[in-house]
Amino acid sequence: MEALTNRSKRVSNKKLSLGERLYLPAIVGGLGITIRHFFKKKVTIQYPEEQRPMSSVYRGLHVLKRDEQGRERCTACGLCAVACPAEAITMTASERKKGEEHLYREEKYAAVYEINMLRCIFCGLCEEACPKQAIYLQSDKLAPSFFSRTDVIYGKDRLVQSMETITSAKSVKSGLTTSDRYVDKVWKNGKY
Amino acid sequence: MELYFFLAKAIIILVIFGITLLIATYSTYAERKVAAFIQDRIGPNRAGPWGLLQPIADAGKMFFKEDFIPAKASKWLFIAGPSLAMITACLTSCVVPFGSTLDLRFLGIENLVPIQGIDVNIGILYVFGLVSLGVYGVMIGGWASNNKFSLLGAMRAASQNISYELAMSLSIIAIIMMTGSLSINQIVDDQDAFWKWNVFRQPVGFIIFIVCAFAECNRTPFDLPECETELIGGYHTEYSSMKLGFYLFAEYINMFVSSAVISALYFGGYHFPGESLLAGMLPADALGHNLLTMIGVGVFFGKILFFIFFFMWVRWTIARFRYDQLMNLGWKSLIPLSILNILVTGAVVLAWPKIESAFAFLN
């Protein structure tokens, strides 16, 4: 049969020579390969003590950002919920009352904001859709594992950025975190 | 002072026994480390510093597992199998000379005390006798389990061991002809210089012997009796708890003993290059003699450890033979080769006086 491509190789069925039938040269060659691996540098990362540096564009657990004065950025416009392909986000909007200006940046805010972490696929489309730069997927924090179904739905209590981080972290995206700095250092040192 | 002599002997035997068990224990650790390193991993490193307590953790785990005997198994034979494997493995190391002699005249012992369990003049025969007894442990265990896979594994083990024992014994005959003695002590003392090591005088015999040693220990590439992928563990499929532990442990003891026998028969045992030079530098009294002996013991253990490493190195390099390949290699290659080796060695041994006298003018 005519070959369609020239990629196929003809199988050689030639008889083994005496040297090949002795096995020993091949075995010695194999031993050479394994002993070279024996002295190679190991790539294992000792997990709990040592962690693999995460990429600075990694999409981890969500955070609802505050602005520089500590006011919640989210205005409950619902664009993130619309953008979400997994329909993981729900929210209830509410109007800002007098005297709450230090809590919410705009007149409207999310009274309830929930993300179902079992539905979320961590695609980051909510982050892209948000016009107020309110929701981000953190690069240094993974969504934890759950042990009960009631744990799965993250409300504002677990999503909104804590006040302490506002004073320290300064970054466009979710604040420059320790792991970001680690990644930068590692990359500059040329380890990865 | 016969009593002191016996006491010294008893202590030496106990120490040898202890060291055998210790090395076998840590062989399991070394096996995992070597496997890991060859596969670019790190291996056990959580139990104790560098994972050094791992063997103890393993033994603890083994002890706490349920000691299960299948309902249809032959109960006594089921227990006798691993016991026999363990006993025969432990008995073998007593004829191996781990060092030359200790001068203990300051204790009132007139004779030099050899660092050896018993110095019998049929040492080699004793080793082979016990090695062939070891097959019974496997065979009884596999048969008593009342399980097809176990029986198949045991059959494979028995036929493999019997086939390779032949070639092994034949390859030894060449050495025995050269030395003129069955005593391992004599064979070791015959190799008191580096160029007289049997590995240089009997290279073919050495290769046959080491291949057969791998087969006798059921080590890869000859681990057909217990190949997990085909026989789910082979003869020890039905075993659990410390009975399984005994089988696995016996394998490591056998590995230690084989390494010791290989080093003694082919690599000069406790002799090392530069020994006579060192003996000349050390004082000629009891202390110097003992010091030299202890260095020899250290060298011997170095050789043993190297061969244990070699066993592991090979295990993580080569794939398992197919059963027909195994039998072809044993019966059609190794046995004819070793017979040929005997013939050539015999001819050279017979002709040696004539060759020597013919080249006498060179001296």
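Where in chain A is the place of A:Met117? Hold on to that while I introduce the model. This is a predicted model, in which local features need pLDDT of at least 70 and side-chain atom pairs count only at pLDDT 80 or more, while totals for chains, interfaces and linings use all residues. Residues are numbered from 1 along each chain as its sequence is written, and chains are lettered from A, with ligands numbered from 1, in the order in which they are written.

Now, back to A:Met117. This residue sits in the loop between strand 3 (108–116) and helix 4 (125–129) of chain A. By helices I mean DSSP runs of H or I with at least four residues, and by strands runs of E with at least two, numbered from the N terminus. Is A:Met117 buried or exposed? Neither quite: A:Met117 counts as partly exposed, because there are 19 C-beta neighbours inside 10 Å. The rule is that a residue with 20 or more other C-beta atoms within 10 Å of its own is buried, one with 12 or fewer is exposed, and anything in between is partly exposed, with C-beta atoms placed from the backbone.

Leaving out neighbours within four places in sequence, A:Met117 is in contact with A:Ala143, A:Val152 and A:Tyr154. Contact here means C-beta atoms, placed from the backbone, within 7 Å. A:His62 is 55 residues from A:Met117 in sequence, yet their C-alpha atoms are 9.6 Å apart in space.

Let's step back to chain A. Chain A has seven helices and five strands, and along the sequence they run α-α-β-α-β-β-α-β-β-α-α-α. Of its 192 residues, 19% count as buried. Take the contacts in chain A between residues at least 6 apart in sequence: 74% of them join residues at least 24 apart.

Where chain A meets chain B, the contact takes eleven residues from chain A and nine residues from chain B. The chain A side divides into five nonpolar, four polar and two charged residues. In that count, Ala, Val, Leu, Ile, Met, Phe, Trp, Tyr, Cys and Pro are nonpolar, Asp, Glu, Lys and Arg are charged, and the others, Gly among them, are polar.

On to chain B, and its helix 10. Why does the length of helix 10 (residues 241–266) agree with what we expect? At 1.5 Å a residue, its 26 residues should span 38 Å, and the end C-alpha atoms are indeed 38 Å apart. The expected span is 1.5 Å times one less than the number of residues. Helix 10 of chain B is mostly covered, with 23 of its 26 residues buried. Just after this helix, B:Gly268 takes a positive phi of about 75°.

Helix 10 also matters for the next topic, the nonpolar cores. A nonpolar core is a set of buried Ala, Val, Leu, Ile, Met, Phe, Trp, Tyr and Cys residues joined through C-beta atoms within 7 Å. The largest has 83 residues, and those touching the most other members are B:Phe209, B:Cys212, B:Ile253, B:Phe256, B:Val261 and B:Ile262. Helix 10 of chain B gives the most to this core, with 16 residues. A second, separate core of 20 residues includes A:Val63, A:Ala110, A:Cys120 and A:Ala134.

Last stop: helix 13 of chain B. Its buried residues, including B:Leu326 and B:Thr345, pack against helix 5 (148–179) and helix 8 (203–216) of chain B. Thanks for listening!

Definitions and conventions
Two residues are in contact if their C-beta atoms, placed from the backbone, lie within 7 Å.
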